[in-house]
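Here are my notes on this one, in the order I'd go through them with the viewer open. Have a look at the structure first, then read on.

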Amino acid sequence: MARTTFLDKTLQTIAGVAEQSLFSEQYANRRGLLQALDIRFQIVTFLFILVLISLLHTPQALWLVYGASLALAAFSRVPLWFFVKRVWLFVPLFTAAIVLPAVLNVITPGEPLWVLLKLSRSYSYGPYTLPAEIAVTRQGLWGGIVFVSRVAASVSFAVLFTLTHRWADIFAGLRALSVPRVFVMTLSMTERYLFVFLRLVQDMYRARKSRTIRPFSAAVERNWTASRIGVTFRKSMEMSDDVYKAMLSRGFHGEYRSVNRLRSGPLDLIWLFAVLAGGGALILFERGLTG
């Protein structure tokens, strides 16, 4: 069984997800700029930044925001190459399927820049028309650049936020901001037991592989995978019931409590003022670009 099977690759991917998530938490324990701020102020300001990104319409302003995320990553002692890799491994995969068709005159009519394909004539399919020349348009290319820039800036701040904070602190901050306790508790339990179920899947597969003498056919592998999905679902239902009963036996009454103490100081107010002022300056900067 020297060859790597589909299940082997799947198991390696699952283990990589768990390892990467645990590995990333080390950055939250470092002494950096974002780690020193109150989580409540950061939740509010990061949401403001994401809304601000959605309101910007020029690549120059969006790339200034992205540059600010790189500076914050450096000040928070997050390795820049690791941070850039986490962002740009996602952005091309997500945006390619949306942006590439949108730059063509089939989707976005406009001034042609590069003609990619010439047909003998145009074709009509109901309300849709396929032009005789399929080309990249200036308007479509501009919209694609803006879209990719917006996604890159948004993802960079989302990744930076999760890298520099422990999930327990994020949940405590959400509850302090009066987010419904059912929502916070559900997120907390999901995050904690996700790794338990990942380990459960790994253990089931290792137990099977340790008892396997010869490789099975692809059909047998698919049947086994489907059956393990059902077993995992049943075990998750049983575990959720057991955990809830254990919580009730220990005095749980529906209120999510955290051991983390939230304290704000002058640095948090400076951060809040800097973000608001920077956002206003970006809007004025963009208005100056657009005339």
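1. Before anything else: this is a predicted model. Please keep that in mind for every distance and percentage below, which are computed from the predicted coordinates.

2. The overall layout. The chain has 10 helices and four strands. Reading from the N terminus, the order is α-α-α-α-α-β-β-β-β-α-α-α-α-α, so to speak a run of strands with helices on either side.

3. Burial and surface. Of the 291 residues, 32% are buried. The exposed area of the chain comes to about 18300 Å², and carbon and sulfur atoms supply 66% of that. As for contacts with a separation of 6 or more, 80% of them are between residues 24 or more positions apart.

4. Salt bridges, the buried one. There are four salt bridges in the structure, and I'll go through three of them, starting with D38 and R40. Their closest N and O atoms are 2.7 Å apart. What is the relative accessible area of D38? The value is 4%, and because that is under the 20% cut-off, D38 counts as buried. Its partner R40 is partly exposed, at 24%.

5. Salt bridges, the long-range one. E111 and R138 pair up through their side chains, at 3.2 Å from N to O. This pair ties together distant parts of the chain: E111 belongs to the loop between α5 (91-102) and β1 (112-118), while R138 is in helix α6 (residues 138-163), and 27 residues separate the two. Both ends are partly exposed, with E111 at 41% relative accessible area and R138 at 44%.

6. Salt bridges, the one within a helix. K245 and D241 also form a salt bridge, with an N to O distance of 3.2 Å. Where do the two sit relative to each other in helix α9? They are four residues apart in that helix (residues 218-249), so about one helical turn lies between them. K245 is exposed at 51% relative accessibility, whereas D241, at 37%, is partly exposed. As background, side chains of opposite charge can pair when their charged atoms come close.

7. Strands β1 and β4. These two run antiparallel and are joined by five bridges. One residue pair to pick out in the viewer is L117, whose bridge partner in β4 is I134. Is strand β4 itself enclosed or open? Four of its five residues (133-137) are buried, so β4 is largely enclosed by the rest of the structure.

8. The nonpolar patch. L113, W114, L116 and L117 make a nonpolar surface patch of about 400 Å². W114 is in strand β1, and L117 is the residue that bridges to I134 in β4. I'd colour these four by residue type and view them together with the strand pairing from the previous point.

9. A loop residue to finish. A36 lies in the loop between α1 (6-28) and α2 (39-55). Buried or exposed? A36 is exposed, because its relative accessible area of 51% is over the 50% cut-off. A36 and S76 are 40 residues apart in sequence, yet their C-alpha atoms are 9.0 Å apart in space.

Technical notes. Residues are numbered from 1 along each chain as its sequence is written. This is a predicted model: local features need pLDDT of at least 70, side-chain atom pairs count only at pLDDT 80 or more; totals for chains, interfaces and linings use all residues. Side-chain values use heavy atoms; hydrogens and water are left out. Buried means under 20% relative accessible area, exposed over 50%, partly exposed in between (1.4 Å probe, protein chains only). Patches are made of residues with over 30% relative accessible area and no salt bridge: like charges are joined within 9 Å, nonpolar side chains (Val, Leu, Ile, Met, Phe, Trp, Tyr) within 5 Å. Accessible areas come from the Shrake-Rupley method with a 1.4 Å probe; for residues, only the protein chains shown count as cover. Two strands pair if DSSP finds at least two bridges between them. Contact means heavy atoms within 4.5 Å.
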